[in-house]
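Please look over the sequence and the three-dimensional structure shown here before reading on. The paragraphs that follow begin with a pair of charged side chains and then widen to the rest of the chain.

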Amino acid sequence: MVPDISVGGRTYGLLNYLYGPGRRDEHIDPHLVASWMPALAPDPGRDSSATLKQLTDRLDLPVLALPKSRRPARHVWHCPVRTAPGDRPLTDTEWAEVARRIVHATGIAEAGDDKACRWIAVRHADDHIHLVATLVREDGRRPRRHSDGIRAQAECRKIEAEFGLQILNKGDRTAAQRPTSAERSKAERTGRPDTPRETLRKSVRHSLAGAASEEEFFHRLAETGLRIDKRIAPSGDTLGYKVALPGDRNRDGEPIWFSGSKLAPDLSLPRIRQRLDAGGPGEDAPAADRVDDRAARPARARREAVPLAERAVSVLGGADDEDSAAQLVGVGELLDAIAQTSPASTRKEVAEAARAFERATRSHVRAERADNRAIRSAARGIIRAGNALGKGEDGGATAMLLSTMVLATVAAVRWHSARGHAQQAAAARAAVQRLRSAYRSASAAPMNAMREQGRRVPRATRERYTGTLKTVLPEHANQVRREPGWDALVATLDQAERAGHNPDALLKQAVERRELDTADSITDVLVWRLRRIGELPATTDALRGRTDERTAQPHSNPPTRQPPETPAVTHHLEPRPRGPKL
């Protein structure tokens, strides 16, 4: 059950909408289910002699009784209350109880207070009601409605339990403010897919992803075309900022501004500065961020981001909550960066994943002293490298990174769940599903090419790799050989061996990175780990047309020369205990 409180200034306009047909004729049988005093509240939906004007006048009477100088400009309190999808329909009697309990809990009209605000509850659909109140009490005072949204949410959790409805996740006051019903209505009228609040939030987050300084953040923000208004102190220092969409104006023709803190708690200027104070790219920054922009390439930037995402997975499995919170912020920025530069085939899913995961980056665990420069630099490198193609090395590197991002978001689900962060865990879980879908799309072409290459590997060599698999990964060997990606794993081991690696040692190194039980496909995870730590191409396209001598003349023995040890990789990953698959 979801309450959504907003405040406005036109009682008649709101009632006209509630009793009208709706924007798509979706309103059915509008009528009152409860009110402050049924004998005084006319119901235009059930009484043919009652009018909206009469109902408006009755509600507004305490407001109009005040001198004009004391009347609040925004005196209309509006709170739609909606059941969750799948909940049973409530009766009018049950909705009436819901209405009375919520106006009591929020301080609008406490039970037994005959001087409380006037209010009504209108029902025009099976799954929700609209509470409307005027914010002047019968005695002329204003109601005490501090934190009314939080109190309404708490009461809804109690009602859900008592009525046998779905019990939704409890909030912790770290969520971004949701668009109001008026903002959603305006977006529908103007044909926008998102409200201005949501569009601005996304633009600000994208501008912040990987930014090395406050100046760079504002420069990126200006490049998006948004209107920006900085609050400047007499000293010349910037105290705050607000943004508006071009063309989004109120009735007076003025821009509708949103401060950073109104978009999300972590987008206020002090919180942005706190994030940037950790410093910009330094010695640990990915190479794509340390070279000239023209030399940076999407595939390289993505490959260099993988070990940083892997480190986030490792940290989230540890005991340092502050470092974990910092890594969650970094994972969020990395997702924002990938979303901005993804090929068309995966851009929508990755953008939705980033949008969902945004909620998982905030909790009461703060990362005030933790260092996430490396993963933020990876996000910066991806943005500076530009848009990736959906094919060739770019496509393979994108699949490699998305595979790791799935594991990172799964780790975020576990971390938040273990700490009782229900909303954040749900948000991370939604991101996991989106990323898995994006990965399937991104990996289809490179994995198919690797499977084709793997089928051409001689039988004797395949049997040798089977033995290697049974030695290194005995508990999963049979499952791996049944997976569709087995041929791709064979191709990768074969390519690694021809590059001078010891396939046994390389596979052992890949397996020991961390547990594999949370992976949808063990072979997929191993393929990308092997290609990264073995510095192999992310696709087999470069090998097409080049026939390996062993394909024509199979051999059953490995090369006699001793391959060099696998190159060291700068990360700090430790094996984790196995856990249940999410």
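With which residue does Arg275 form a salt bridge, and how far apart are the closest N and O atoms? The partner of Arg275 is Asp266, and the closest N and O atoms of the two are 3.4 Å apart, where a salt bridge is defined as a side-chain nitrogen of Lys or Arg within 4 Å of a carboxyl oxygen of Asp or Glu. Both Arg275 and Asp266 are buried, a word that stands for under 20% relative accessible area, with exposed meaning over 50% and partly exposed the range in between (1.4 Å probe, protein chains only). Through salt bridges that share partners, these two belong to one network that joins Arg205, Asp266, Arg275, Glu333, Asp336, Glu358, Arg362 and Arg376.

This is a predicted model, in which local features need pLDDT of at least 70 and side-chain atom pairs count only at pLDDT 80 or more, while totals for chains, interfaces and linings use all residues. Residues are numbered from 1 along each chain as its sequence is written, and side-chain values use heavy atoms, with hydrogens and water left out.

Taken as a whole, the chain has 22 helices and 9 strands, the helices (H or I, at least four residues) and strands (E, at least two) being DSSP runs numbered from the N terminus. Of its 582 residues, 54% count as buried. Contacts, defined as heavy atoms within 4.5 Å, often span the sequence: among those between residues at least 6 apart, 73% join residues at least 24 apart. The chain exposes about 26,900 Å², of which carbon and sulfur atoms supply 49%; accessible areas come from the Shrake-Rupley method with a 1.4 Å probe, and for residues only the protein chains shown count as cover.

The structure holds 44 salt bridges, and two further examples can be set beside the opening pair. Arg118 forms a salt bridge with Glu138, with the closest N and O atoms 2.7 Å apart. That pair links distant parts of the chain, since Arg118 sits in the loop between α3 (92-105) and β5 (119-123) and Glu138 in the loop between β6 (128-134) and α4 (148-163), 20 residues apart. Arg118 is buried, with a relative accessible area of 8%, whereas Glu138 is partly exposed at 34%. In the other example, Arg157 forms a salt bridge with Glu160, and the closest N and O atoms are 2.8 Å apart. Arg157 and Glu160 are 3 residues apart in helix α4, which means that about one helical turn separates them. An α-helix has 3.6 residues a turn, so residues three or four places apart point the same way. Arg157 is buried with a relative accessible area of 13%, and Glu160 is buried at 0%.

Arg118 appears again in the surroundings of Leu59, a residue of helix α2 (residues 52-64). Leaving aside residues up to four places away in sequence, Leu59 touches Thr11, Leu15, Trp36, Arg118, Trp119, Ile120 and Thr134, and its relative accessibility is 0%, so Leu59 counts as buried. Leu59 and Val136 are 77 residues apart in sequence, yet 9.8 Å apart in space, C-alpha to C-alpha.

Helix α5 (residues 181-190) contains Arg189, which is exposed, with a relative accessible area of 61%. Arg189 gathers with Arg10, Arg23 and Arg251 in a patch of positive charge on the surface. For such patches, residues need over 30% relative accessible area and no salt bridge, and like charges are joined within 9 Å (nonpolar side chains, namely Val, Leu, Ile, Met, Phe, Trp and Tyr, within 5 Å). Lys and Arg count as positive and Asp and Glu as negative, without His and the chain ends, and the place of a charge is taken as NZ of Lys, CZ of Arg, CG of Asp or CD of Glu. Elsewhere in α5, Ser181, Glu183, Ser185, Lys186 and Ala187 are buried, and the buried residues of this helix pack against β2 (6-8), β4 (76-82), α6 (196-208) and β9 (258-259). Just after α5, Gly191 takes a positive phi of about 75 degrees.

Backbone angles of this sign also occur at residues other than glycine: Ser147 has a positive phi of about 55 degrees and is found in the loop between β6 and α4, where Ser147 is partly exposed at 23% relative accessible area.
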